[in-house]
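I open the notebook here on a structure to look through, beginning with the surroundings of the ligands and going on to the rings and the overall counts.

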Amino acid sequence: MGMGAAACLVLSCLCVSCGDPVETSFNPAYFDLPETAFFPTETNIPADNRLCAEGVELGRYLFYDNRIAATSDHPEGVSCSECHRQAAAFDCGADNLRFVRGGLPLPLQNLAYNTRALGWSGTAVYPATTLEDFIRLTLADSAEFALPTDSIIAHIAAIPLYPKLYEAAFGTQDITLDRTAKALAQFVRTLTSTHSKFDRYMRGEERLSDEEMQGYVLFTTEEGADCFHCHGGAGNVLFSTYMLAVNGLDESDVPYRIPSLRNIAHTAPYMHDGRFATLEEVIDRYSEHVYATPHISPLMHHADEGGVQLTPREKQCLKAFLLTLSDEDFITNPRFSNPFTK
Ligand code: HEC
Ligand code: HEC
């Protein structure tokens with residue numbers, strides 16, 4: 001773990017500014033190869049925003065800097081990190097619920113590999129909307145930042161730290177919305193979670209307990225808990241297909257983008273509106289209380305029976321498996337932490 005000093009140096013030399021085309025979009029220093037060997041090979045890194053050490057560093061400062069949106073009404077300001085906390089896998093945390101557009105925040109993890117859709121509603125779809133676009137929209141959305149973007153940019157420009165960081169990242173001291181979104185996107189793409197117990201199992205480094213193994217088998221079989229079509233498994237370690245689906249939680253019949261189950265122990269409460277406080281409640285819902293609405297996903301094979309009908313023992317195993325997706329390294333990794341308090 002950890003980006004070595006040598007890697008930093010090499011990167012700095014390779015990458016004069018982030019706008020320059022750099023041959024590789026898949027840099028081991030950022031993606032912890034070979035840990036990500038069984039991750040998808042496709043990323044959503046655009047040609048005009050390759051990762052570089054200076055861009056990631058700038059993005060990290062911006063991510064944690066509440067001064068960028070401070071006002072006289074709200075002198076404490078706003079930062080991305082307020083709604084996306086590292087201790088909660090960059091979700092908001094159960095003690096810090098933030099509703100925006102009728103939904104709770106999503107964890108920020110492994111998003112470099114999500115080539116489908118962003119947000120709960122899935123209206124931000126690749127390639128029409130990129131991570132850069134989504135972040136630009138976030139900065140412009142009054143529900144998140146109650147300031148027009150030109151004020152945010154003016155705030156950034158007034159903080160002595162930034163002109164030099166923009167110059168290091170992009171070649172000149174110009175501070176623009178485009179560059180700001182690019183740097184934030186670079187930092188967000190480095191937030192990779194690859195050190196859960198399940199990952200270690202995949203790498204052949206650690207066993208799963210009998211209970212966890214039984215839960216894994218349930219998770220990945222149609223006659224079991226039937227979760228894998230939407231939430232992945234060995235063949236999709238992102239634990240989401242990032243497609244839209246109706247999963248029959250109630251009668252509303254509205255599709256949501258399938259969330260990743262990685263770090264699920266850290267991202268309670270569950271579902272877009274946080275209706276379930278615990279994994280037990282989620283599992284009970286899929287087991288016995290599925291609504292077979294008109295547009296329910298055909299991948300919910302047991303909807304007509306009201307759910308997958310698990311025994312208490314099976315529920316326990318399924319939960320044990322879900323807990324193997326927790327990545328303590330991710331939520332404590334100093335590379336992702338607040339640079340102002342390091
Ligand atoms: C006031 C709380 C709040 C702030 C501040 C905030 N976000 Fe979010 N973020 C959310 C919510 C809520 C969602 C889910 C939104 C949706 O479904 O449209 C979200 C979703 C996202 C997603 C999509 C994740 C996914 O899996 O699809 C990204 C990326 C993101 N935010 C990045 C950022 C960045 C970068 C910043 C700072 C510039 C930021 N957010 C600031 C609340 C916030
Ligand atoms: C047809 C696709 C599909 C299947 C199959 C499916 N899910 Fe989901 N899952 C979803 C969608 C869509 C959501 C988000 C729904 C919402 O927020 O209203 C979700 C949300 C969740 C969440 C909450 C995640 C969060 O961050 O809040 C958990 C936990 C979960 N599912 C676990 C499971 C388990 C366990 C199974 C198997 C028993 C399963 N799912 C089967 C589509 C599916």
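Entry 1, ligand 1. I started from the side chain of R257, where an N or O atom is 2.6 Å from an oxygen atom of ligand 1, and I keep in mind throughout that this is a predicted model. I then looked up two further contacts of this kind: a polar side-chain atom of R101 lies 3.0 Å from an oxygen atom of ligand 1, and a polar side-chain atom of H84 lies 2.9 Å from a nitrogen atom of ligand 1. The elements that contribute two or more residues to the shell around ligand 1 are α4 and α5 (131-140), and I noted that α5 supplies the largest share, five residues.

For the whole shell I have 25 residues surrounding ligand 1, of which C80, C83, H84, W120 and R257 are the closest. Sorted by class, this shell consists of 17 nonpolar, five polar and three charged residues.

Entry 2, the iron atom. Which donor does the protein give to the iron atom of ligand 1? I found a single one, the NE2 atom of H84, at 2.1 Å. I placed H84 in the loop between α4 (80-83) and β1 (117-118).

Entry 3, ligand 2. I next turned to the 21 residues around ligand 2, among which C227, C230, H231, H272 and Y286 come nearest. In the side chain of H231, an N or O atom is 2.8 Å from a nitrogen atom of ligand 2. The backbone also takes part in the list of contacts I wrote down: an N or O atom of the M271 backbone lies 2.7 Å from an oxygen atom of ligand 2, and for a backbone N or O atom of H272 the distance to an oxygen atom of ligand 2 is 2.7 Å. Two or more residues of the shell around ligand 2 come from each of the elements α11 (228-231) and α12 (279-288). By class I recorded 16 nonpolar, four polar and one charged residues in the shell around ligand 2.

Entry 4, H272. I looked up where H272 sits and found it in the loop between β4 (256-257) and α12. Is H272 buried or exposed? I entered H272 as buried because its relative accessible area is 11%, which falls under the 20% cut-off. Its side chain makes a polar contact of 3.1 Å with the side chain of Y256. With neighbours within four places in sequence left aside, H272 is in contact with G102, G103, L104, W120 and Y256.

Entry 5, T324. I found T324 in the loop between α13 (312-323) and α14 (328-332), and at 2% relative accessibility T324 counts as buried. Which residues does T324 touch, not counting those up to four places away in sequence? My list reads S196, K197, F198, L208 and E212. For K197 I also noted the C-alpha to C-alpha distance to T324, 5.1 Å, although the two residues are 127 apart in sequence.

Entry 6, aromatic rings. I counted 20 aromatic pairs in the structure. The rings of Y64 and F187 have their centres 6.5 Å apart and their planes at 65°, so I entered this pair as edge-to-face. Y64 belongs to helix α3 (residues 53-64) and F187 to helix α8 (residues 177-189), so that the pair links distant parts of the chain, 123 residues apart. I recorded both Y64 and F187 as buried.

A second pair I looked up, F239 with F321, is tilted, with 6.4 Å from centre to centre and 55° between the planes. Because F239 lies in the loop between α11 and β3 (244-245) and F321 in helix α13, this pair ties together parts that are 82 residues apart in sequence. Here too I noted burial, since both F239 and F321 are buried. I also wrote down a cluster, in which ring pairs link F63, Y64, F90, F187, F330 and F336.

Entry 7, overall counts. I closed with the protein as a whole, which has 14 helices and four strands. Of its 342 residues, 55% are buried. Among contacts between residues at least 6 apart in sequence, I noted that 63% join residues at least 24 apart.

Key
Residues numbered from 1 in each chain as written. Chains lettered and ligands numbered in written order. Predicted model: local features only at pLDDT ≥ 70, side-chain atom pairs only at ≥ 80, totals over all residues. Heavy atoms only, no water. Near = heavy atom within 4 Å. Polar contact = N/O pair within 3.5 Å; in protein donor to acceptor, adjacent residues only side chain to side chain. Nonpolar A, V, L, I, M, F, W, Y, C, P; charged D, E, K, R; others polar. Buried < 20%, exposed > 50% of the residue type's maximum accessible area, 1.4 Å probe, protein only. Contact = heavy atoms within 4.5 Å. Phe/Tyr/Trp six-rings, centres within 6.5 Å; stacked < 30°, edge-to-face > 60°. Donors = N, O, S within 2.8 Å, 3.2 Å for Na, K, Ca; no water.
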